[in-house]
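Visitor: Got a minute to go through a structure with me? I have a few quick questions.
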Amino acid sequence: MFNVTNIAVLCVQLALLAVFGPGIRRAGLRGLIIVALMAALSAAGSAALVSFPGLQPSSFIVMMCGAALGPGAGALCGAATALLARLIGGGLGPWALWQGALWCLMGVIAGLTRRLPFQAHAGIGFVWGFVFGWVMNLWWYTLGNPFSWAAYLAVCAASFTSELAHALTNGALMLLFGRRLKRLYEKYGGAEA
């Protein structure tokens, strides 16, 4: 499970948490409680919908934490979501590190772009649906399987419908619920400066 690539992915996740995580202190205890609740809800949603490839409300919840409470909250929610989702839904494997790093980065980016209108967040969420899936397709090669562009592109083509579902879920949830949830998060959780 631990090879150079997976250790590098773990280092990226830890670096994101180290750089942006301290900002969560400005949101206070209430903000931390909101992040914990959202991570638990996100992980439960991930585990409950595992049979439906691409339906991934976890990404939307992580992005909302970042958009409403800042990049530190987004990073923490993303990392906690990956850990909790794997503990609930089937155990830890090399893919868990990759999910954690991607959700962490997703939360940070949502936090850094939180001043953008929600149409832009819907677009960012749509793009993340593809990026998340296509980067996740790479974890298989950390097991010592030889990399080939032809095989990787074939896997990405095969997973296109799943990534499209993820992208559409992110965009639709952001457009439908984003504004209201952001106000709710900010009201009860505070926000990073």
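Guide: What follows covers cysteines, a nonpolar core and one loop residue; keep in mind that this is a predicted model.

Visitor: How many disulfides does the structure hold?
Guide: The count is 0. Cysteine 77 is in no disulfide, and the nearest cysteine sulfur belongs to cysteine 65, 3.6 Å away. The cut-off for a disulfide is a pair of cysteine sulfur atoms within 2.5 Å, so a pair beyond that does not count.

Visitor: Cysteine 77, buried or exposed?
Guide: Cysteine 77 counts as buried because its relative accessibility is 0%.

Visitor: And cysteine 156, buried or exposed?
Guide: Cysteine 156 also counts as buried, at 8% relative accessibility.

Visitor: Switching to the largest nonpolar core. Which residues touch the most other members?
Guide: That core has 33 residues, and the ones with the most contacts to other members are Met38, Leu69, Cys77, Phe132, Met174 and Tyr185. Helices 2, 3, 4 (71–88), 5 (94–112), 6 (118–136) and 8 (160–189) each contribute at least two residues to it.

Visitor: Which helix gives the most to this core?
Guide: Helix 3, with 8 residues.

Visitor: New topic. Where does phenylalanine 52 lie?
Guide: Phenylalanine 52 is in the loop that runs between helix 2 (28–48) and helix 3 (57–69).

Visitor: Why does phenylalanine 52 count as partly exposed?
Guide: Because its relative accessible area is 46%, and partly exposed covers values between the 20% and 50% cut-offs.

Visitor: What separates the C-alpha atoms of phenylalanine 52 and leucine 112?
Guide: A distance of 30 Å, with the two residues 60 apart along the chain.

How values were computed:
Residues are numbered from 1 along each chain as its sequence is written. This is a predicted model: local features need pLDDT of at least 70, side-chain atom pairs count only at pLDDT 80 or more; totals for chains, interfaces and linings use all residues. Side-chain values use heavy atoms; hydrogens and water are left out. Buried means under 20% relative accessible area, exposed over 50%, partly exposed in between (1.4 Å probe, protein chains only). Helices (H or I, at least four residues) and strands (E, at least two) are DSSP runs, numbered from the N terminus. A nonpolar core is a set of buried Ala, Val, Leu, Ile, Met, Phe, Trp, Tyr and Cys residues joined through side-chain atoms within 4.5 Å.
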